[in-house]
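Trainee: Could you walk me through reading a structure like this, one feature at a time? I'd like the general idea, and then the case in front of us.

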Amino acid sequence: MKDETKCLHSGYTPTDGAPSVMPIVQSTTYRFESSDHMAALFDTPTAPMYSRFANPTVDAVEQKIADLEGGVGAMCTSSGMAAVLVSVLNLCSAGDSIVSSAAVYGGTVNLFSVTLKKYGIECIFVDVDADEDTLRTAIKPNTKLVFGETIANPALTVLDIEMWAKVAHEAGLPLIIDNTFATPILCKPIEFGADIVIHSTSKYMDGHALQNGGVIVDSGNFDWTNGKFPEFTEPDESYHGIIYTKDFGKAAYIIKARMQLMRDFGCYPAAHSAFLLNLGLETMPLRMERYCENGLKVAQYLKASDKVEAVRYAALEGDKYHELAKKYLPKGTCGVISVDIKGGREKAGKFIDSLKLASCEVHVADIRTCVLHPASTTHRQLTDEQLIASGANPAMVRISVGLENVDDIIADIEQALAQI
Ligand SMILES: *Cc1c(COP(=O)(O)O)cnc(C)c1O
């Protein structure tokens, strides 16, 4: 099936007379005929047992997203940050390190550089444009994974996924890609060598700013038996001695994440959230097409304005990442644009305050056009160095172009620029 069809039909196939729409299974628990049946499920988790780590409504959405990304399995989480955290902790313990592109989401920078450090996991940040050798040098014997974002939030850089996958694989490490801004409609990182793909589903997947969520997708391609991941190849005593690679084969990573970490952390979404997420997914291909169309028109308008210092939007001819975008994102580069307003922080603030249609909010990838000043909001915890490394600067405004008529969006920007 093609993406549009998968978005409507993957994950849930109604049986004769069943509801056409995946129902909300609002139950904490599930009833079994015998304890033998239940015991068998502890060995092979093929059906939900308890909604802290599995639920039929969430499961349908997980299958749909796995299908869209081309993975063997997926697990939803209660937020995008929970997906980042669980995807990393599924591979790392105290004493390990990870290598990450410096151009990643501010929350991820914070998690990697401050919070994980307290638990003994060190992160080495590498410039998103690093060459192969620089990336190689960052990898140490205790490194367990390499991490990056397809289109970085808010830097809007495009990662050379194939190159990063190659270097990671040479070192026997998996590449985890946060594909939030691209969505599987614009890029499928697994096709370029990514091993694990994660999303904040709060953004384009949900699409309507209704509920926070995240998802982790397992490509099933990584060889966990290469000696670097004993937790996958030795018995898990917390799970009656199961050996993930032996018992679950290609789905070892995602089943370990569920049966070990989700069991213990419990950051699973509610069935109702998954139901809403599914509604967003159904129209995602159509919406992404329009975001790209509106985004490009707004980027072209901004580029031509004398009130604007710089525009970052990879689909724009002449953008630093235009060539990489042509390779990885041939259909477009979503609706998010970064723009540096001439005159710095103060003028950027004035511009935002003058907008009437676009709303100032802590969100991105919404159906409504919204704007944010990262330096004073989402990224205010970062040092100036981290701010610049993550692609933000004090004059930068992030515009998330929505699905209003593009003429109205541009008219709003025009009147706001006129006031600075
Ligand atoms: C928003 C975002 C996150 C965090 O997602 P939440 O759902 O807000 O927890 C992670 N990565 C990227 C790229 C994001 O844009």
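Mentor: We'll go through the ligand site, a helix, a sheet and a few single residues.

Trainee: Before that, what kind of model is it, and how are residues numbered?

Mentor: It's a predicted model, where local features need pLDDT of at least 70, side-chain atom pairs count only at pLDDT 80 or more, and totals for chains, interfaces and linings use all residues. Residues are numbered from 1 along each chain as its sequence is written, and side-chain values use heavy atoms, with hydrogens and water left out.

Trainee: Fine. Which residues come nearest to the ligand?

Mentor: A residue is near a molecule if one of its heavy atoms lies within 4 Å of it. Here 14 residues are around the ligand, and Gly80, Asn153, Asp178, Ser202 and Lys203 come nearest. The shell divides into 3 nonpolar, 8 polar and 3 charged residues. In that scheme Ala, Val, Leu, Ile, Met, Phe, Trp, Tyr, Cys and Pro are nonpolar, Asp, Glu, Lys and Arg are charged, and the others, Gly among them, are polar.

Trainee: Which atoms of Gly80, Met81 and Asn153 lie close to an oxygen atom of the ligand?

Mentor: Look for polar contacts: pairs of N or O atoms within 3.5 Å; within protein, one must be able to donate a hydrogen and the other to accept it, and residues adjacent in sequence count only if both atoms are side-chain atoms. For Gly80, a backbone N or O atom is 2.8 Å from a ligand oxygen. For Met81, a polar backbone atom is 2.9 Å from a ligand oxygen. With Asn153 the side chain takes part, through an N or O atom 2.8 Å from an oxygen of the ligand. On its own the ligand has 380 Å² of accessible area, and the protein covers 93% of that; such areas come from the Shrake-Rupley method with a 1.4 Å probe, and for residues only the protein chains shown count as cover.

Trainee: Is helix 4 mostly covered or mostly open?

Mentor: Helices (H or I, at least four residues) and strands (E, at least two) are DSSP runs, numbered from the N terminus. Buried means under 20% relative accessible area, exposed over 50%, and partly exposed in between, with a 1.4 Å probe and protein chains only. Helix 4 spans residues 80-89 and is mostly covered, with 7 of its 10 residues buried. Among them are Gly80, Ala82 and Val86. At the N-terminal end, Ser79 caps helix 4, with a side-chain oxygen 3.4 Å from the backbone nitrogen of Met81.

Trainee: Now the sheet. What is the strand order?

Mentor: Two strands pair if DSSP finds at least two bridges between them. The order in this open sheet of 5 strands is 8-9-12-11-10, with mixed pairing. Strand 8 and strand 10 (359-360) are the edges, each pairing on one side only.

Trainee: Why is strand 9 described as largely enclosed?

Mentor: Because 6 of its 6 residues, 336-341, are buried. Val336, Ser338 and Asp340 point one way, while Ile337, Val339 and Ile341 point the other. Strand 9 pairs antiparallel with strand 8 (residues 308-312) over 4 bridges, where Val311 stands opposite Val339. It also runs antiparallel to strand 12 (residues 396-400), joined by 5 bridges, and there Ser338 has Arg398 as its partner.

Trainee: How do I read a buried loop residue such as Ser10?

Mentor: Check its accessibility, then its contacts, meaning heavy atoms within 4.5 Å. Ser10 lies in the loop between helix 1 (3-9) and helix 2 (35-43), and its relative accessible area is 5%. Its side chain makes a 2.5 Å polar contact with that of Asp67. His363 sits in the loop between strand 10 and strand 11 (370-372) and is buried at 15%. Leaving aside neighbours within four places in sequence, the contacts of His363 include Ser202, Lys203 and Arg398.

Trainee: And what about backbone geometry?

Mentor: Look at omega and phi. Asn153 and Pro154 are joined by a cis peptide bond, with omega about 5°. Ala209 has a positive phi of about 60° although it is not a glycine, and at 39% relative accessibility Ala209 is partly exposed. His240, also not a glycine, has a positive phi of about 30° and is partly exposed at 48%.
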